[in-house]
Amino acid sequence: MEVKRNVLLNPGPATTTDTVKFAQVVADICPREQEFGDVMEFVSKELTNFVGNNEEYTTVLFGGSGTAAVEAMLSSVVGEDTVVIINNGAYGKRMCEIAEAYGLKFIEFKSSTVDAIDYEKLEGVIKNSPDKISHLAVIHHETTTGLLNDVARLGQLCKKHNIDLIVDAMSSYAGIPIDMKKMNITYLASSSNKCIQGMAGVSFVIANLEALLKTKELKPRNVYLNLFKQYEYFIKNYQMRFTPPVQILYALKQAIVEAKEETIEKRHERYVRSCDTLLAGLDRLGLVHLVKEENHSKLITSIIEPKVEGYSFDAMHDYLYERGFTIYPGKVSDADTFRIANIGQIDYKDMEGFLAALEAYLKTINYI
Ligand SMILES: Cc1ncc(COP(=O)(O)O)c(C=O)c1O
């Protein structure tokens with residue numbers, strides 16, 4: 001069977017291979033069977049392998065979208081001490097909302113949505129806090145703008161001050177090489193439907209095992225999303241505590257096989273080539289993007305909307321959608337932007353196709 005191929009340029013769920021799509025079509029199975037436990041063991045161990053070793057790190061799976069993993073992480077590992085949360089976009093802000101909802105002690109460190117973090121200022125906040133800082137939380141790749149935070153540098157800062165680093169790597173995991181040990185990341189969250197190129201429905205936390213085991217002492221703040229309890233149950237027989245999204249896990253297994261075949265380094269190179277193609281095309285079309293090269297992830301690009309009468313995001317979206325390209329609105333409040341992501345099973349040739357369609361649209365409104 002042929003499946004229509006859409007080029008998704010929204011920041012996930014991303015374009016998938018047909019083999020990942022078809023991996024969902026399997027015989028019905030009770031998820032409590034050993035056979036399905038083998039699938040989850042494979043998924044959990046291999047997700048860890050992309051960023052660390054299975055002796056010191058472990059992957060805890062949840063049924064739920066990415067926010068579930070972020071919420072599980074924050075609510076389950078921060079005790080009575082304070083977490084500093086870096087807010088330089090919508091997802092950093094969401095971490096603050098989660099901390100607020102759970103009544104965590106937290107300091108919001110606001111930072112530019114387009115420029116690098118002021119690391120000295122951040123260190124000052126950590127040093128001068130009257131309360132003990134136990135954790136620092138950050139978004140690796142702020143999907144809001146395409147801003148990439150320097151997690152390795154934050155890891156060094158955490159080492160110096162004996163703080164555990166919590167990273168939301170939703171839209172960078174499997175798209176940008178990450179080494180949790182080298183970067184000194186204690187907890188990392190991501191989901192099945194972005195750079196790992198699976199279907200939406202599973203999210204996961206990869207944790208330093210030693211740190212995770214210590215969280216056993218903390219009073220649980222929730223049930224479904226409790227990280228330690230989910231780990232404790234999972235590790236006994238590779239079962240989730242609650243009903244897992246069975247077919248999504250089969251698709252994730254296939255996505256992992258394909259990521260291993262490609263390698264994360266080569267996937268990153270493919271993504272960067274698509275982005276470089278996009279940036280050259282934008283330049284040619286006279287469009288400007290928001291984040292400077294040194295802070296740009298090269299996975300998502302925020303583009304300033306054309307200032308011309310007749311332009312409308314919705315009309316541009318529909319024009320491109322009819323031609324097989326899905327684009328996404330912007331998310332920063334202080335600039336009119338739209339976003340183009342280049343994650344998923346697409347390459348620079350798709351980007352050339354997109355640029356040709358964009359050029360044709362811009363001609364219809366006399367922008368060029
Ligand atoms: C950095 C980041 N964190 C969290 C999320 C939330 O993920 P979800 O919408 O799957 O809950 C996203 C989604 O795009 C994201 O990019």
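The paragraphs below lead from the overall form of the protein chain to a few of its individual residues. The structure is a predicted model.

The secondary structure of the protein chain comprises 13 helices and 14 strands. Measured out along its principal axes, the C-alpha trace spans about 65 × 55 × 30 Å. A compact globule of 368 residues would have a radius of gyration near 21 Å, and the value for the protein chain, 21 Å, agrees with that expectation. Of the 368 residues, 56% are buried. The contacts show how the chain is folded back on itself in sequence terms: among those between residues at least 6 apart, 72% join residues at least 24 apart.

The surface and the charges may be taken next. About 15800 Å² of the protein chain is exposed, and carbon and sulfur atoms supply 50% of this area. The chain carries 40 positive and 49 negative side chains, and the centres of these two sets lie 3 Å apart. Between charged side chains, the count of salt bridges comes to 15.

One of these salt bridges joins the side chains of E46 and K260, with an N to O distance of 3.2 Å. E46 belongs to helix 2 (residues 34-49) and K260 to helix 10 (residues 246-262), so the pair ties together parts that are 214 residues apart in sequence. The two partners can also be described by their accessibility. E46 counts as buried because its relative accessibility is 14%, under the 20% limit for that class. K260, with a relative accessible area of 41%, is partly exposed.

Another salt bridge is formed by the side chains of D115 and K292, again given with an N to O distance of 3.2 Å. This pair links distant parts of the chain, 177 residues apart: D115 lies in the loop between strand 4 (105-110) and helix 5 (119-128), and K292 in the loop between helix 11 (264-285) and strand 11 (300-304). D115 is partly exposed, at a relative accessible area of 33%. K292 is partly exposed as well, at 46%.

A further salt bridge connects E262 with R267, whose closest N and O atoms are 2.9 Å apart. Salt bridges with shared partners join E262, R267 and R270 into one network. Within this network, R267 has a relative accessibility of 2% and therefore counts as buried.

Attention now turns to residues in loops. A14 is placed in the loop between strand 1 (7-8) and helix 1 (18-22). With 7% relative accessibility, A14 counts as buried. Which residues does A14 touch, not counting those up to four places away in sequence? They are L8, N193, K194, I343 and G344. The contact with I343 spans a long stretch of sequence: the two residues are 329 residues apart along the chain, and their C-alpha atoms are separated by 6.3 Å. The loop between strand 1 and helix 1 also contains P13. A cis peptide bond joins G12 and P13, with omega about -10°.

N226 occupies the loop between helix 8 (209-214) and helix 9 (227-237). At 7% relative accessibility, N226 counts as buried. Leaving aside residues up to four places away in sequence, N226 touches F62, S76, P220 and R241.

Two residues deserve mention for their backbone angles. Q197 has a positive phi of about 70°, although it is not a glycine. Q197 sits in the loop between strand 9 (187-191) and strand 10 (202-208). N366, which is not a glycine either, has a positive phi of about 60°. The place of N366 is in the segment after helix 13 (348-364). Is each of these residues buried or exposed? Q197 is buried, with a relative accessible area of 3%, whereas N366 counts as exposed at 64% relative accessibility.

Methods
Residues are numbered from 1 along each chain as its sequence is written. This is a predicted model: local features need pLDDT of at least 70, side-chain atom pairs count only at pLDDT 80 or more; totals for chains, interfaces and linings use all residues. Side-chain values use heavy atoms; hydrogens and water are left out. Helices (H or I, at least four residues) and strands (E, at least two) are DSSP runs, numbered from the N terminus. The radius of gyration is taken over C-alpha atoms; the globule rule is 2.2 Å times the number of residues to the power 0.38. Buried means under 20% relative accessible area, exposed over 50%, partly exposed in between (1.4 Å probe, protein chains only). Contact means heavy atoms within 4.5 Å. Accessible areas come from the Shrake-Rupley method with a 1.4 Å probe; for residues, only the protein chains shown count as cover. Lys and Arg count as positive and Asp and Glu as negative; His and the chain ends are not counted. The place of a charge is taken as NZ of Lys, CZ of Arg, CG of Asp or CD of Glu. A salt bridge is a side-chain nitrogen of Lys or Arg within 4 Å of a carboxyl oxygen of Asp or Glu.
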